[in-house]
There are 2 protein chains.
Amino acid sequence: MKDIARELGVSVATVSRALKDSPRISMEKRTRIKAFAQEHNFFPNVIAESLRNSRTKPVKLIGVIIPQLTHFYFSSILSGIEEEASARGYRIMVAQSNERYEREVEICKSFSENKACGIIVSQAKNTTKYEHFSNLMDRGVPVVFYDRICTGINCSRVVVDDYMGAYTAVNHLIGTGCKKIAFYGTPMKLEITKNRYNGYHDALVNNGLKPEERFIKHCDNRADAEQITPELLNEDDHPDAFFAVNDDTAIGILYTAKRMGFDIPRDISICGFTNGERAIACDPMLTTVEQRGFVVGEEAANILIGQVEGSIPSDKVEKRVVRTRLIVRGTTR
Amino acid sequence: MKDIARELGVSVATVSRALKDSPRISMEKRTRIKAFAQEHNFFPNVIAESLRNSRTKPVKLIGVIIPQLTHFYFSSILSGIEEEASARGYRIMVAQSNERYEREVEICKSFSENKACGIIVSQAKNTTKYEHFSNLMDRGVPVVFYDRICTGINCSRVVVDDYMGAYTAVNHLIGTGCKKIAFYGTPMKLEITKNRYNGYHDALVNNGLKPEERFIKHCDNRADAEQITPELLNEDDHPDAFFAVNDDTAIGILYTAKRMGFDIPRDISICGFTNGERAIACDPMLTTVEQRGFVVGEEAANILIGQVEGSIPSDKVEKRVVRTRLIVRGTTR
């Protein structure tokens, strides 16, 4: 592997990861490294590697709490956590809270009994007490939050740059000629909504447009979007663009507008937030802000393992922000 | 909880699950039970429950190997496994093989070192040796397969009824007037493709139609579907329906046919297999065979825990089949 790394001018770790098909290495680089390895008859010797890695004691376990495993964004995050943990010689325990505070408490307890070296968690929607987390931290078990951040205690976290994601998206809508842009989001008490609203607001103001109260709606799912959108679009002075808090909501707007006879994107532009499977299944394909769940997961595991191993002081509150990316497709001009 | 169970004529376990919002209980029943509990001021006492469940030793860990966490079908299965394990007092360790035999071997080894009481696995595509599984079984660690079944050793498994799923779907296409039905699938060496092809074949024959070689294609993803479908549809005697091995492929056919000017479903009917997020995001929404991953996961965990606890003899090869369900939407007449 050292030879390959030298020949191709990359690190040994990169070669090792590429040969293991790690998604952390770009597809193009993986292909190049694997082709080179094959050309030079290099095959990682599984048996030898397995002997060399032979351990006498179990590997450390990281506990991961996830609200819903079947949500694409959460399963991408879990995939990133698993990948980083696995590459660093850790395994993960996984449990879903199903958005229930009681289950979250019970999970923390059993993770602790099973000697989890740390916990990575996105809290349930109805969690408002935090002893189950702070108890762990008091006993020296690091806790890292992702996506839904615990505002009750000061703790390490990974979030996406919701403000810039929204700002960039709305700026793009304005740049393509839209002037009356609606905002569909969750209630403002949630941190992510506040940040996205501010991004939306500032993009309008910086482009000389005035935010209008009647264009701001509480709406975060397709069914609700299909119900409230006709009212907005039936007005004479209707929006010429929509920025939605997730892809599901954006798709509800898209099909409602199509059904009402609007041409997308000529008459109405639409931008979502997530970039999951849905975004390329709809017609036309959805312009959206990619949340990069895989990277969020990797970063969360990276902080946690750093704290477990001491490269990050366990009492340091480490905050990381993952950049979003605007993916322009067929629902904007 | 006993009182509620008696009043509503359900089991105590059902009440407990409903109050914990378990998806094993129908939404309608959950709502009814929760409403009744609220009306009678019944609130599960979290603290008391937590004390009562207080354990002195760690819970047992089940190891779960998954090819790709971000695939909707796999994450649904994982959700079912987690739900059943959690309800029975177990936790799960999760690792993804990324379709690599070497990783699968390494994962089995580390799960074993971490004292997994059993392993639930869908094998990697390139796995052709099975010692890593049979070694575990020889040491009395039960192994249960789901989705991709290990044909090399005789072991417990949960599969979906691919034959009946395909038969029912093709029968529906014929019943709505289609006569020339194409089949897009993976190579026939895979068990699931063989079974689905047989279902397709028998539905045609039982309806007096003749299977035609030129309508059978190797194709299991959208990009390939977009490439090979125009050729088929440009023929004068083109198919009037398509049955595809998954939703992704079906969506590739759908948009290719639309782009070529065909009206869906008037000119061409399309049926997929999975029923993931994509199926309701496309336009029109996709008729598809639902694979019920959640139930597959529940059944797999149920077998494994039965073998761990002795209610199923650990040397018994337990095979379960999960029924599919045809979901009729806008891509069929």
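**Exercise 1. Find how far apart the centres of domain 2 and domain 3 of chain A are, and describe where these domains meet.**

*Solution.* Start with the distance: taken over C-alpha atoms, the centres of domain 2 of chain A and domain 3 of chain A are separated by 31 Å. Keep in mind as you look that this is a predicted model.

Next, locate the domains along the chain. The domain assignment places domain 2 of chain A at 61-160 + 293-322 and domain 3 at 162-292, while domain 1 covers 2-44.

Now look at the contact itself. Eight residues of domain 2 of chain A touch six residues of domain 3 of chain A. Between these two domains about 760 Å² is buried, with carbon and sulfur atoms giving 58% of that area. On the side of domain 2, Phe72(A), Tyr73(A) and Val160(A) supply 58% of the area buried against domain 3, more than any other three residues.

**Exercise 2. Work out which helices and what kinds of residues domain 2 of chain A brings to domain 3 of chain A.**

*Solution.* Begin with the pairings across this interface. There are five residue pairs in polar contact between domain 2 and domain 3 of chain A, and zero salt bridges.

Then turn to the helices. Helix 5 (72-87) and helix 13 (293-309) of chain A each give at least two residues to the side of domain 2 that touches domain 3. Helix 13 of chain A gives the most, with four residues.

Last, sort the residues on that side of domain 2: seven are nonpolar, one is polar and none is charged.

**Exercise 3. Compare three salt bridges by asking whether their partners are buried, partly exposed or exposed.**

*Solution.* Take Arg320(A) and Glu318(A) to begin. Their closest N and O atoms are 3.1 Å apart, and both residues are buried.

Move on to Glu28(B) and Arg32(B), whose closest N and O atoms lie 3.7 Å apart in a salt bridge. Both sit in helix 3 (residues 27-39) of chain B, four residues apart, about one turn of the helix. Glu28(B) counts as exposed because its relative accessibility is 54%, and exposed means over 50%. Arg32(B) has a relative accessible area of 36%, so Arg32(B) is partly exposed.

Finish with Arg100(B) and Glu102(B), which form a salt bridge at 3.9 Å, N to O. Arg100(B) is buried because its relative accessible area is 15%, and buried means under 20%. Glu102(B), at 29%, is partly exposed.

Salt bridges can also be linked: those that share partners join Lys180(A), Glu212(A), Arg214(A), Glu235(A) and Asp237(A) into one network. Over all chains, the structure holds 50 salt bridges.

**Exercise 4. Describe how chain B meets chain A, from the contact counts to the makeup of the chain B side.**

*Solution.* First, count the residues: 51 of chain B are in contact with 50 of chain A. Then take the area, where about 4,700 Å² is buried between the two chains and carbon and sulfur atoms give 46% of it.

Next come the pairings. Eight salt bridges run between chain B and chain A. One of the salt bridges to look for joins the side chains of Lys258(B) and Asp283(A), at 2.7 Å from N to O. There are also 25 residue pairs in polar contact between the chains.

Now trace the elements of chain B that touch chain A. Those that each supply at least two residues include helix 4 (46-52), helix 5 (72-87), strand 2 (91-96) and helix 11 (247-259).

To close, sort the chain B side by residue type: 21 residues are nonpolar, 12 polar and 18 charged.

Technical notes. Residues numbered from 1 in each chain as written. Chains lettered and ligands numbered in written order. Predicted model: local features only at pLDDT ≥ 70, side-chain atom pairs only at ≥ 80, totals over all residues. Heavy atoms only, no water. Domains from an automatic or database assignment. Contact = heavy atoms within 4.5 Å. Buried area = accessible area lost by both parts, 1.4 Å probe. Salt bridge = Lys/Arg side-chain N within 4 Å of Asp/Glu carboxyl O. Polar contact = N/O pair within 3.5 Å; in protein donor to acceptor, adjacent residues only side chain to side chain. Nonpolar A, V, L, I, M, F, W, Y, C, P; charged D, E, K, R; others polar. Buried < 20%, exposed > 50% of the residue type's maximum accessible area, 1.4 Å probe, protein only.
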